[in-house]
Amino acid sequence: MKKVGIIGSGIVGKTLAAGAISHGYEAMIASRDTSKLEEWHQDNSSVQLGSVDDAAQFGDIVIFAVKGTVAKEALEGIDSNYLKGKTVIDATNPIDTSAPDNGVLRFFSSINRSLMEELQEAQPEANFVKAFNSIGSAFMVDPQFEGGKPTMFIAGNSDEAKEEVREMLLKFGHDIEDMGGVEGARAIEPLCMLWCIPGFRENRWSHAFKLLK
C-alpha cells in the first residue's frame, strides 16, 4: 500500500487526503496548525495528521496543495532529503492576491515561466508532476459528468513519476493527457483561469475539461 503525504490543509488537501484513503492509499495530511483539522479529522480518522516534514517524509508520493503565493516559501521549509527522488504532485496555481478582471484571475507568473518550473528548480532532486490544478475540488475524486470522465492534464520531467500519478488519476476517475516535460505546466496552469471564468461571471462551478480525440 503506497503512502501519500499531503502538504496543505485547505479544501484541496482535505479532498485529496480523503480520496487517497478511499482508493487504497495510506495518507497523512500536514498543517502548521493541526488544530484547524480537528473537526474534519473526526470524520476522516483514517488520515493521519502531522507536520509538513512529517508528511513529506511519510509519503511515497507527496501532494503539494498550498496557496501559490506561499508555495516557494513552503517548499523551502521542507527538508530536501524528504523529497529526494519522490513524486511530488503539484496542485498549486500562481494566483495573485488582486481581484479578477471581469472574471479572469490574475497570475503573478509569466506565460513563459510556470510556478511549477520554479518549484522544480528549487527542489531539483524531487520529481514534480502538475495535476489537480484546473478542476474544482468537488470533482477531483470520483467525478460524475454526463459527458464521461474529465481530462486531467499532467506534465513533468520524470516518466516514472508521471506513471505513478497516472495510476492515481485512473483510480480517482480521470482520463489523462501527458503534456510533456515541466515546461508543459506553462499551458496547464492557465487552465485554472479558464475554469474559473464561468464561476466568477455566472456562479457556474460544475464543469471540467475534456479533450476529444
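Contact here means heavy atoms within 4.5 Å. The model shown is predicted.

**Close-up 1. Asn133 and its contacts in the S6–S7 loop.** Asn133 sits in the loop that runs between strand S6 (127–130) and strand S7 (151–154). The residue is buried. Its relative accessible area is 4%, and buried means under 20%. The Asn133 side chain reaches the backbone oxygen of Ile188 at 3.2 Å. Ile188 is also among the residues in contact with Asn133 once neighbours within four places in sequence are set aside. The others are Ala91, Thr92, Asn93, Glu189 and Cys192.

**Close-up 2. Asp142, a residue with positive phi in the S6–S7 loop.** Asp142 belongs to the loop between S6 and S7. Asn133 is found in the loop between these strands too. Phi of Asp142 is near 55 degrees. That value is positive, and the residue is not a glycine. Asp142 counts as partly exposed, at 41% relative accessibility.

**Close-up 3. Asn102, a residue with positive phi between S5 and H5.** Asn102 lies in the loop linking strand S5 (87–90) and helix H5 (115–122). Its phi is positive, at about 50 degrees, although Asn102 is not a glycine. Is Asn102 buried or exposed? Asn102 is exposed, because its relative accessible area is 61% and the exposed class begins over 50%.

How values were computed. Residues numbered from 1 in each chain as written. Predicted model: local features only at pLDDT ≥ 70, side-chain atom pairs only at ≥ 80, totals over all residues. Heavy atoms only, no water. Helix = DSSP H or I, 4+ residues; strand = E, 2+ residues; numbered from the N terminus. Buried < 20%, exposed > 50% of the residue type's maximum accessible area, 1.4 Å probe, protein only. Polar contact = N/O pair within 3.5 Å; in protein donor to acceptor, adjacent residues only side chain to side chain.
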